[in-house]
Each structure stands twice: as C-alpha cells, then as structure tokens.
Protein chains: 2
Amino acid sequence: MSVTAARGFVASGVAAGVKESGARDLALVAADPAGPVAGAATFTTNLAAAAPVQLSRTHLAASGGRTAAIVLNSGCANAATGAQGMEAARRTAALVAGSLGVGVDEVLVCSTGLIGIHLPLDRIEAGIPDLVAQLGPGREDAAHAAEAILTTDTHAKEVVVERAGFTVGGMAKGAGMIAPNMATMLAVLTTDALVAPDLLAAALRTAVASSFNELTVDGCTSTNDTVAVLASGQGDAVEPDDLVEALTAACQDLAFQLAEDAEGTTRVVRVRVAGARTGDDARRAARTVAESNLVKTSLYGADPYWGRVVSELGASGAAFDLDLVRVCYGPTLVFAEGLEVPHDRGTVASYLAAPVVEIVCDLGLGSGDATVLSTDLGPGYIEENMRTS
Amino acid sequence: MSVTAARGFVASGVAAGVKESGARDLALVAADPAGPVAGAATFTTNLAAAAPVQLSRTHLAASGGRTAAIVLNSGCANAATGAQGMEAARRTAALVAGSLGVGVDEVLVCSTGLIGIHLPLDRIEAGIPDLVAQLGPGREDAAHAAEAILTTDTHAKEVVVERAGFTVGGMAKGAGMIAPNMATMLAVLTTDALVAPDLLAAALRTAVASSFNELTVDGCTSTNDTVAVLASGQGDAVEPDDLVEALTAACQDLAFQLAEDAEGTTRVVRVRVAGARTGDDARRAARTVAESNLVKTSLYGADPYWGRVVSELGASGAAFDLDLVRVCYGPTLVFAEGLEVPHDRGTVASYLAAPVVEIVCDLGLGSGDATVLSTDLGPGYIEENMRTS
C-alpha cells in the first residue's frame with residue numbers, strides 16, 4: 001500500500017546495481033492506466049541543484065503539471081555531474097517514458113546519494129525493463145519502491161491517509177528537507193482525489209510548508225530534495241481545503257518518521273515559539289533554537305539547561321525582550337520574567353530523556369507562532385558523517 | 001607580560017571562590033597610575049545580553065570612552081539574572097572604582113560562565129581588596145589575570161605585538177565571538193599608543209571585524225561576548241592605520257588561539273571564499289561552509305568530500321553558478337567547471353589530517369573575498385557540551 005493505496009497507481013522497486021550492496025536502488029511510481037495525471041512538486045532551493053531536480057522542474061513546466069510517472073534512484077545523487085549528469089537524467093526519463101508509452105515531459109526524475117558521482121547509466125538502462133515489468137498495485141510493490149529510495153535510512157517510511165471520497169498515500173526517505181547527510185530527502189505522494197494541476201501544486205506547497213519545511217536536522221539544504229505528488233482523479237472531486245488537510249497529515253507523518261530515523265538521532269524535539277511579534281520572527285527563533293548545536297547537544301545529554309534556549313532566542317534576530325520570555329520544557333515552566341522559575345531539575349531531566357520532547361517558548365510580544373521539528377546531536381551523527389567512504 | 005606588556009598597565013588575578021574548584025576566577029586590568037585612559041569595547045549582539053554587558057555599554061557611553069579598569073569574573077555569566085544580576089554587576093564596578101579612586105563609570109565589567117546563575121556577590125566583594133592589592137605590571141601578574149578568566153579553556157591565551165613607538169598586549173578566553181559553550185569569549189587588549197577614545201573605538205571595530213568576528217565555532221552567539229581595549233597614551237601618538245594593523249594582528253593571534261583550544265576541536269580550518277559577487281556574499285558563503293555540521297564532521301574525519309562544500313555554497317544564499325565554482329583543499333584543486341577535477345584522494349586526505357587546514361572556494365562572479373576561521377566537529381564537542389552539571 002502506501003504509494004499505491006490511492007486508486008490509479010502502480011509502483012515497483014528493483015536492484016539495478018547503482019548501490020554496490022546489491023540492495024534495491026531504482027523505484028518507479030506510475031499512473032495506472034499509464035498516462036498523464038495531475039502532477040506537482042516542490043524542490044530544493046539549493047542553487048547547486050542536481051540534474052534530476054533541474055530536469056524535473058523543466059518537465060513540470062513543459063507538461064503544465066501533467067505527469068505520468070516518477071522514477072527514482074538511490075546510491076547516486078547525480079549532482080555536480082555537469083552535462084553528462086543532465087544527459088543521464090534525461091535518458092532515464094526517456095527510457096521510462098518509452099516503456100510506458102507516455103511523453104518524456106510526463107516523467108519526473110529523482111536521485112539521492114553521494115554528490116559528484118556519475119550515474120551508472122548502463123545499469124539504470126538495464127534495470128528499467130524489469131522495473132516497468134514489475135509495476136503493480138500491491139502493498140508489496142509499494143514497499144519495494146519505498147525500500148529502493150533509501151540511503152542511510154534504517155527503514156522505509158510509508159503513509160496512508162484515508163479521507164471521505166479520497167485517499168493520500170506516500171513514501172519518503174530522509175532525513176530532512178534540511179538534509180542530514182550527503183544528500184537528500186525525497187518524498188512521493190499519490191492521491192486519487194480529482195483535482196486540477198494548479199490546485200494540486202498549491203495544496204502541496206501548503207502541506208510542505210507545515211511539514212517537511214518545518215523539519216531541520218542539521219540546517220543543511222541538500223542538492224536533491226524533492227517532494228512530488230500525483231493525483232489520478234479516480235476518486236471524488238475534493239474541496240481544496242480537504243486536500244490540503246490530507247496532504248499535510250501525510251507529509252507531517254512522513255516528516256516525523258524522517259526525524260525519528262535521522263542519522264545518529266536519539267530523540268526528536270519539537271521547538272515551538274509562540275508570542276513572537278510576527279510569524280517570520282517565530283519561525284526564525286524556533287529554527288535558531290532547533291538548529292543550535294548547543295541546544296541539540298544538551299538534548300542528547302537530556303540536560304535541562306534553559307540558558308542555552310534563552311541565549312539562542314536572543315541571538316535569533318527576532319524581536320526580543322528577556323523580561324517577557326517564558327520557556328517550558330514540556331509541562332514545566334523553567335524561565336519567566338527574566339529569571340529562572342524554581343523547578344525540580346530531576347523532573348525536567350527525566351522528561352528530556354524521552355524519545356520525543358517539546359520546548360515551548362513564548363516571546364510575549366505578539367501572535368507569531370511556529371513549530372520546528374528537530375533532533376538531538378550525539379556521537380552517532382558524527383559517526384555517520386565523518387567519512388563517506 | 002601580555003596584558004601588561006604595554007606601558008601604563010597593571011593586572012591581577014585571584015581565586016575569589018566563584019568557581020567551586022578553587023581556581024582563579026576574578027581578574028583586574030587597570031591603568032597605572034590609576035585613572036581614566038582611552039577605552040573602547042565591542043559587545044555581543046545577543047538581545048539577551050548579560051548584566052555586565054549592559055552595564056559596561058552604559059559606562060562607556062557615560063564616560064565618553066574614558067576607562068580606568070576592567071574587572072572580569074569567570075564561573076558565572078551573570079546572564080538572565082534580572083535586577084539582582086544588574087545590581088551585582090553595578091556593585092562590583094563600584095567596589096573596584098572605590099578601591100582605585102576612580103569613577104564608577106570608568107570601570108567595565110565582564111563575566112563568563114553558566115547562564116541563569118546569580119553572581120555570589122559576597123565572594124566577589126571579599127575578593128576585591130586582595131585583587132586590587134595584587135595589581136602589578138609583571139608577566140606573572142598578567143598571567144594570573146589571563147588564568148582567572150578561563151572556563152572550559154585548557155590554557156591561557158596571551159599576545160604581545162610590538163610596533164615602532166607602541167605596544168599592544170592582550171588576553172582572551174574562548175572559544176568564539178560565536179561562542180562554543182554556555183557562554184562567552186572575552187578579550188582585553190591594552191596599548192600604550194596615544195590615541196583618542198573615538199579613534200580607539202573605530203580601530204577596535206575594524207580589528208574585531210577581521211579577527212574575532214571571522215571566527216565561528218558553532219554559530220552560537222553568547223550573551224556575554226566582549227572585546228575591550230584600553231590605551232594608556234604613555235607611548236607615541238600613532239597613525240590610525242598603524243593602530244588598526246597592530247590591534248588586528250593581536251586580535252587575529254588571539255582568535256586563532258581560541259579556535260585551536262575550542263571545545264573538542266581536533267583541527268582548525270580556514271574557509272576562504274573569493275570571487276563572490278559582493279563582500280557580503282563572500283562572508284555569507286564562507287560562514288555557511290564553515291558552520292555546516294556536514295563539512296565540520298567531514299573535517300573531523302579528514303574526509304575530502306568536496307560535494308558538501310559545493311552544496312553549502314549553493315545553499316548559502318550567495319549568488320552562485322555551479323559551472324564557475326572552483327574548490328581547493330589546500331593546494332589541491334578538486335572541483336572546477338561543474339565537475340570533479342581528477343586528484344589523488346589520499347593526498348587530500350593526508351592534507352586534511354593536519355592540525356590547520358584550508359578550504360579555498362572561488363565563486364567566479366566578482367571580487368568579494370572573505371575568510372572565516374572555524375573548527376571541526378567531533379565527539380569531543382558533544383562530550384563537553386552534553387551536560388552542564
């Protein structure tokens with residue numbers, strides 16, 4: 001299920017030999033019956049965007065948001081690979097398009113893995129016939145696709161959201177729109193809702209803004225991040241708000257799964273900043289706290305040192321008056337009116353030792369409110385990232 | 001020597017009992033003979049600035065840049081301590097002023113240590129007579145002061161810069177204007193150059209901009225960062241440019257010492273970005289690379305993965321064209337014209353294993369040029385910061 005849970009989609013995942021391990025590394029999600037349906041995507045803002053990102057942007061623009069399939073590989077980001085990299089992405093799309101009998105502009109391409117490595121196009125080419133042959137609507141087929149896009153993830157991430165008259169399904173690999181490793185979070189969503197491409201694109205933007213874009217693992221924005229959605233129209237016509245709600249629920253579920261499985265993470269933290277002068281201030285302050293290595297390291301140690309949180313709020317650039325700030329670790333108010341609020345340090349330390357914790361800050365200045373999902377920083381992150389080979 | 005190397009200064013450092021360890025924790029640097037000389041300082045931009053920062057700003061403004069002494073304590077940041085904290089800072093300045101027979105506005109106060117802890121004013125009060133009595137111009141006296149301001153530093157940092165007609169001396173504790181720990185870098189500089197307060201202030205700003213402000217350890221800006229300078233005027237009158245040169249040399253020397261001794265650091269990295277469209281773009285790009293946990297972690301592993309550098313440049317917000325970017329690890333060009341430049345990975349890995357390494361990036365777009373001094377990120381940083389008690 002998941003990416004094939006909604007009516008009108010098939011998926012597959014095979015081992016094409018991009019990964020030396022022999023694990024699955026090539027995935028396909030396609031409309032069924034084959035042909036263009038409504039498609040939309042959001043991409044990384046990194047100006048060093050990988051070839052598949054550049055190509056998919058072009059294809060979506062050329063097709064006017066009509067998309068038949070998304071082909072994804074892991075094991076190679078196809079980023080910083082020049083003209084050869086772009087040709088490899090184009091050829092991948094063309095081969096899939098030919099096999100499915102659809103236009104090349106109707107195929108999107110995603111890659112994830114190391115930057116600066118050339119895509120082994122011969123292996124991709126050799127794998128595509130099998131990939132297309134194995135397309136199916138089953139739970140297993142979707143699981144194969146979800147498995148084929150993983151890199152350092154420890155398990156596949158899938159989601160199904162059922163709503164009256166339509167379904168949203170999805171898969172993702174991590175671990176952050178703000179990526180934790182050499183490259184990339186990718187997510188593919190499907191829905192059988194009947195919706196025009198422009199409404200689908202708007203709904204996706206809104207859903208991503210309050211899910212993947214509120215997830216930060218290490219503040220790094222990868223070259224390959226992509227969230228794509230296809231809508232088969234085989235279900236009911238939906239109100240835009242209902243589609244946004246369901247897409248947001250699916251994206252938030254996947255974003256939480258990415259945070260939980262981020263490299264070296266031992267706990268997930270939600271940082272909420274309320275009472276900011278503006279929404280931008282709230283986002284800036286929440287992100288500064290969430291991305292602070294000092295805060296993240298103290299979360300690894302389950303250390304209730306609110307001084308770091310207050311300091312990061314003050315350094316964030318958001319409007320700030322120390323005397324108005326309130327900070328809670330979960331249910332416990334630890335700072336207010338410019339001073340520590342007497343509290344039991346052991347209680348807070350126990351709270352912080354849980355797998356999911358919350359820091360809630362109120363700046364006392366307005367109604368700006370934002371939440372950022374993040375992780376702690378422990379030796380596991382360093383272990384995973386200190387060497388790429 | 002160091003902070004007493006220039007004519008007209010005495011210093012001392014005692015154990016007042018702020019630190020539970022019994023180590024020196026209270027320092028004084030004063031003009032000799034006692035009385036106001038030209039003084040200037042730059043402070044943290046953190047809006048949660050500690051009481052001593054707020055007080056010292058007020059004093060400098062009230063005195064018009066006439067300063068007789070700087071009193072510093074370690075073991076307590078006196079930050080987020082409300083009215084009581086401000087009163088403690090004020091009382092500390094008043095006691096020193098009384099002992100030296102100078103105006104209270106002519107005394108600056110610096111604190112460093114944990115946020116949210118009240119300054120044990122009784123111990124400070126009890127320590128000040130001894131602190132003043134021990135003031136002396138000797139190398140030992142300066143060394144005691146430099147020792148008394150340390151927190152998690154492993155050794156004292158001092159500098160002397162001799163120039164024709166004048167001397168600049170200084171001391172600092174780490175490890176970053178962009179602070180690595182619960183609080184603070186502090187630096188005190190002294191010079192016998194004859195210079196008016198406004199010129200001194202301008203020279204300090206320029207010197208700090210290309211030294212401490214180009215040092216980033218973890219991107220966190222502390223509540224207490226202060227760089228202060230006193231000029232006794234007992235040496236020659238100086239040209240402003242000569243003073244800037246000497247102050248910059250002293251600040252850069254201290255900044256490098258801070259980087260070398262930053263918590264958990266195994267190597268120092270200079271990230272230079274040249275060829276940026278503007279100077280701001282160069283600074284933004286250099287800082288983004290230098291502060292990237294992915295880049296820092298790969299430096300810990302001495303891993304020559306240029307893909308992370310290119311990705312951070314592309315994500316920095318600076319104007320960027322991948323095809324124009326060139327990246328060197330030290331002497332080795334690894335990326336140009338949109339592609340990896342063939343190179344021996346082992347050679348680069350050996351280069352990256354040195355205690356000081358350079359990454360030089362050229363964006364190929366203009367003349368913007370900036371260098372940022374940073375450190376790697378290894379388990380030592382986490383070990384030092386995961387628990388505060």
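**Figure 1. Helix H4 of chain A is mostly covered.** Of the 10 residues in H4(A), which runs from 139 to 148, 8 are buried. The model shown here, as in every view below, is predicted. The buried set begins with A:Asp141, A:Ala142, A:Ala143 and A:His144. A:Ala145, A:Ala146, A:Glu147 and A:Ala148 complete the buried residues of H4(A). Strands of chain A contribute to the cover. Among them are S1 (9–14), S2 (26–31) and S5 (69–74). S7 (157–163) and S8 (166–173) also belong to what covers the buried residues of H4(A).

**Figure 2. Chain A as a whole has 11 helices and 16 strands.** The C-alpha trace of chain A spans about 70 × 50 × 35 Å along its principal axes. The radius of gyration of chain A is 22 Å, which agrees with the value near 21 Å for a compact globule of 389 residues. Buried residues account for 63% of the 389 residues in chain A. Take the contacts in chain A between residues at least 6 apart in sequence: 79% of these join residues at least 24 apart.

**Figure 3. Helices H5 and H6 of chain A cross at roughly 45°.** Their axes come within 8 Å. H5(A) and H6(A) are therefore oblique to each other. The crossing of H5(A) past H6(A) is right-handed. On the H5(A) side, the residues in contact are A:Leu199, A:Ala203, A:Leu204, A:Thr206, A:Ala207 and A:Val208. H6(A) meets them with A:Pro240, A:Leu243, A:Val244, A:Leu247, A:Thr248 and A:Cys251. By class, this contact of H5(A) with H6(A) has 10 nonpolar and 2 polar residues, with no charged residues.

**Figure 4. A:Thr216 lies in a loop of chain A.** The loop runs between helix H5 (197–209) and strand S10 (226–231). Is A:Thr216 buried or exposed? A:Thr216 counts as buried, because it has 25 C-beta neighbours inside 10 Å. A:Leu258 is 42 residues from A:Thr216 in sequence. In space, the C-alpha atoms of A:Thr216 and A:Leu258 are 10 Å apart.

**Figure 5. A:Leu60 sits in helix H1 of chain A, residues 51–63.** A:Leu60 has 22 C-beta neighbours inside 10 Å and so counts as buried. Leaving out residues up to four places away in sequence, which residues does A:Leu60 touch? They are A:Gly39, A:Ala41 and A:Gly65. A:Asn385 is 325 residues from A:Leu60 in sequence. Those two residues, A:Leu60 and A:Asn385, are 34 Å apart in space, C-alpha to C-alpha.

**Figure 6. Helices H1 and H2 of chain B cross at roughly 55°.** H1(B) covers residues 51–63 and H2(B) covers residues 82–100, and their axes come within 8 Å. That angle makes H1(B) oblique to H2(B). H1(B) passes H2(B) with a right-handed crossing. From H1(B), the contact takes B:Ala51, B:Pro52, B:Gln54 and B:Leu55. From H2(B), it takes B:Gly85, B:Met86, B:Ala88, B:Ala89, B:Arg90 and B:Ala93. The classes in this contact of H1(B) with H2(B) are 7 nonpolar, 2 polar and 1 charged.

**Figure 7. Helices H8 and H9 of chain B cross at roughly 160°.** The helices are residues 293–300 for H8(B) and residues 306–315 for H9(B), with axes that come within 9 Å. That makes H8(B) roughly antiparallel to H9(B). The crossing of H8(B) past H9(B) is left-handed. B:Leu294, B:Val295 and B:Ser298 of H8(B) meet B:Arg308, B:Val309 and B:Glu312 of H9(B). By class, the contact of H8(B) with H9(B) holds 3 nonpolar, 1 polar and 2 charged residues.

**Figure 8. Chain A meets chain B through 47 residues of chain A and 46 of chain B.** Four elements of chain A each supply at least two residues of the side that touches chain B: helix H8 (293–300), helix H9 (306–315), strand S14 (339–340) and helix H11 (379–385). Which of them gives the most? H9(A) does, with 9 residues. By class, the side of chain A that touches chain B divides into 22 nonpolar, 19 polar and 6 charged residues.

Key. Residues are numbered from 1 along each chain as its sequence is written. Chains are lettered from A and ligands numbered from 1 in the order in which they are written. This is a predicted model: local features need pLDDT of at least 70, side-chain atom pairs count only at pLDDT 80 or more; totals for chains, interfaces and linings use all residues. Axes are lines fitted to C-alpha atoms, for helices over the stretch in contact, and angles run from 0 to 180 degrees between N-to-C directions. Angles under 35 degrees count as roughly parallel, over 145 as roughly antiparallel, 65 to 115 as roughly perpendicular and the rest as oblique. A crossing is left-handed if the near helix is turned anticlockwise from the far one by less than a right angle, and right-handed if clockwise. Two residues are in contact if their C-beta atoms, placed from the backbone, lie within 7 Å. Ala, Val, Leu, Ile, Met, Phe, Trp, Tyr, Cys and Pro count as nonpolar, Asp, Glu, Lys and Arg as charged, and the others, Gly among them, as polar. The radius of gyration is taken over C-alpha atoms; the globule rule is 2.2 Å times the number of residues to the power 0.38. A residue is buried if 20 or more other C-beta atoms lie within 10 Å of its own, exposed if 12 or fewer, and partly exposed in between; C-beta atoms are placed from the backbone.
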